[in-house]
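Thanks for coming, everyone. Let me put the structure up so that we can walk through it together.

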Amino acid sequence: MSNMPRTPARRSRSVAKTPLTPSLSAAVNSLTIASPARKGSKGSSSKPFPGDITNPFFQPSKSRPTSPLKRATSGGIQVSESLQRQANAGVIRKGGIESRLDVITCDYRPPKPDMKRSKSQPAGTNHYKRDRYITNREEQDVAATLELMHLNPRSASPGHTARLAEAANLPINKRVLAFHEAPPIPSSDPLMSQQREIVRPLYARPGALTSSTSSTTNKTRKVAMQPERVLDAPGMVDDFYLNLISWSCLNVVAVALGESTYVWQAATGSVVHVGDAPEGSYVSSVDFSQDGMFLGIGMGTGDVELWDVETNAKLRTMGGHQAQIATLAWNGHVLSSGCGDGSIWHHDVRIARHKVMELLGHAGEVCGLKWREDGELLASGGNDNVVNVWDGRVGDVNDDSRSSAKWTKRNHTAAVKAVAWCPWSPSLLASGGGTNDATIHIWNTTTGARLHSLSTPAQVTSLHFAPHRKELLSTHGYPTNSIMVHAYPSMEKVAEIRDAHESRVLFSCVSPSGDVVCTGAGDENLKFWRLWEVPKKAGKKAGKVGGGMGEGILALR
């Protein structure tokens, strides 16, 4: 058996070389044949054998170039790019598992996660190279977006949209926020309304009320918002610094209309003409004495006249001032006058040499002057934005003797015309500033401290403490022309009557019973407002206001 010749190795049936298709040739060229493990080695070698040099299908150095003359197709099958890439990756055996797999041409690729970068790291190149504050949308996109913003009832339920529009009383295809013309302001005088609208922006301030006809009232108080009586007062001067009305303890109202002075009997409604100012002058202030028997009248020339109301006779004329007398105040037999030059004189009406003291404490015109009820202190306010409190003791004066103020307050930033003493707390003094200030201050005249401050929406023209309630009344000019009632000491608004007059409310006075307030304005009207109630005991003694009908000037309207 050992001498028998060995059987040679089997060879292929056909020695002839079979031509390869281009796809099969490329697949075979990419194959590598691993070298068999050597005997005696610990493990098989990991380096692949580059190819058998005896094999005619392989070349050790490089792949044999494909002939350009070979056909692009084999067996009538067109070779696509995907099949070409698949053939380059490996050999697909006919009938094998590779041929039964579906080739996925568009596989899912997970999105790349956004790289977190610091604030200082610049943006990548994929972002728009534009300003970050300018939109990168085209004009067509912006126009399309704006077109979608229009109200379109078809975009929602038509029935639901119609019900909402009907409930809100709004048109469907109309914007809610849109510019419209302002509604006309009701006014009897068109020229006056036009002037008020022109100057309204000049006097507006934070807290100013825009409504021209409404009024507010505290729920705990019922205040009449309409005047009880309205009297025509033709010729009333529209001047902030003057004081042209006064109400005496005998229930008589004195009114200055231009160069004439009238008194109106509130009980009977009769009107009496008192007198006229000198030719070329005018009446600048009026004030009744404490007993109501005498009337002091200040003139634009600087003279002060004294009249007997009962006999309607002029008793005397007291001169000496060099400018108009804007305010007067009585204290017993002493009549104090505030002049336009800033001086205050005390006139003793009983003696020939009437001037008994001169007070110099203002650099501007004195337009507010009030004596305290006990006559111990005098408060004055001027166009120099100063409030002074003076000692009420008077005596004979020499040429060089001048009195000095007990307290001087410079907290206001506008002219101070409104000053008022409190009847139920004598140490309290209220003062109000003009247009640039519009603030009410409450002072303690014993210590000189400021107790309260209240900002109002308009200039303060007059102040009054209620005799029977702890309340403070104030009248105002532009832009509200209102009457306000404030509680004390909280300073909360109790009631407000807006547009009480067609013009700014410049003058006011309180009835002797303390329930009715008379106001005067440049619209040439006197209006009487019942703002408080009189206690029952005091109500029996108080006379009836306006019991009769007036005739002519100051007639009931």
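So, let's start with the contacts: among those in the chain between residues at least 6 apart in sequence, what percentage join residues at least 24 apart? It comes to 49%. Keep in mind as we go that this is a predicted model. The chain has 557 residues, and 39% of them are buried. In secondary structure we have 7 helices and 31 strands.

Okay, the core. The largest nonpolar core has 36 residues, and those touching the most other members are Met236, Ile245, Trp247, Leu295, Ile297, Leu526 and Phe528. Which elements feed into this core with two or more residues each? Those are strands E5 (245-247), E6 (252-257), E7 (260-265), E9 (283-288), E10 (294-299), E29 (505-510), E30 (516-521) and E31 (525-530). E6 gives the largest share, with 6 residues. There's also a second, separate core of 17 residues, and Leu473, Val485, Ala487 and Val517 are among them.

Let me pick out one member of the big core, Leu295. Leaving out residues up to four places away in sequence, Leu295 touches Ala254, Thr261, Val263, Val286, Asp287, Phe288, Glu305, Leu306, Trp307 and Val309.

Now the aromatics. How many aromatic pairs does the structure hold? There are 6. One of them is Phe240 with Tyr241, an edge-to-face pair at 5.3 Å centre to centre with 85 degrees between the planes. Are the two partners buried or exposed? Phe240 counts as buried because its relative accessibility is 6%, below the 20% cut-off. Tyr241 is at 25%, so this one is partly exposed. Phe240 also has a charge to deal with on its ring: Lys417 lies over the face, at 5.5 Å from the ring centre. You'll find a similar arrangement at Trp345, where Lys355 lies over the face at 3.9 Å from the ring centre.

Another of the aromatic pairs takes us back to the core. Trp247 and Phe528 are edge-to-face as well, at 5.7 Å centre to centre and 85 degrees between the planes. What does this pair link? Distant parts of the chain: Trp247 sits in strand E5 and Phe528 in strand E31, 281 residues apart. Both of these residues are buried. Add Trp264, and the three form one aromatic cluster.

Trp247 comes up yet again when we turn to the pockets. The largest pocket has a volume of about 1400 Å³. It's lined by 49 residues, and Trp247, Lys370, Trp371, His464 and Val510 are the closest to its centre. Which elements give two or more residues to that lining? We have E5, E9, strand E13 (325-331), strand E17 (366-371), strand E21 (416-421), strand E25 (460-465) and E29.

While we're on strand E13, have a look at Ala326, which is part of it. Ala326 has a relative accessible area of 0%, so it's buried. Who surrounds Ala326, not counting residues up to four places away in sequence? The contacts are Tyr241, Leu242, Asn243, Ser284, Ser285, Gly338, Glu365, Val366 and Cys367. Tyr241, you'll remember, is the partner of Phe240 in that edge-to-face pair. Ser337 is 11 residues from Ala326 along the chain, and their C-alpha atoms are separated by 7.9 Å.

Next, a loop residue. Val386 is in the loop between strand E18 (377-382) and strand E19 (387-391). Is Val386 buried or exposed? It's buried, because its relative accessible area is 2%, under the 20% limit. Setting aside neighbours within four places in sequence, Val386 is in contact with His362, Ser380, Gly381, Thr408, Lys409, Arg410 and Val416. Val386 and Gly364 are 22 residues apart in sequence, with 8.9 Å between their C-alpha atoms.

Last stop, the cavities. Searching the whole structure turns up 3 cavities of 30 Å³ or more. The largest cavity holds about 40 Å³ of space. What lines it? Val389, Trp407, Lys409, Leu429, Trp443, Asn444, Thr445 and Gly448 do. Strand E20 (407-409) and strand E23 (439-444) each supply at least two residues of that lining. Notice Lys409 there: this residue is also one of the contacts of Val386.

That's what I have, so over to you.

Conventions: Residues numbered from 1 in each chain as written. Predicted model: local features only at pLDDT ≥ 70, side-chain atom pairs only at ≥ 80, totals over all residues. Heavy atoms only, no water. Core = buried A, V, L, I, M, F, W, Y, C linked by side-chain atoms within 4.5 Å. Buried < 20%, exposed > 50% of the residue type's maximum accessible area, 1.4 Å probe, protein only. Helix = DSSP H or I, 4+ residues; strand = E, 2+ residues; numbered from the N terminus. Contact = heavy atoms within 4.5 Å. Phe/Tyr/Trp six-rings, centres within 6.5 Å; stacked < 30°, edge-to-face > 60°. Lys NZ or Arg CZ within 6 Å of the ring centre and 35° of its normal. 1 Å grid on protein atoms, 1.4 Å probe; cavity = no way out; pocket = protein on both sides within 12 Å on 5 of 7 lines; lining within 4 Å. Points joined across faces, edges and corners; volume = space filled by probe spheres on them.
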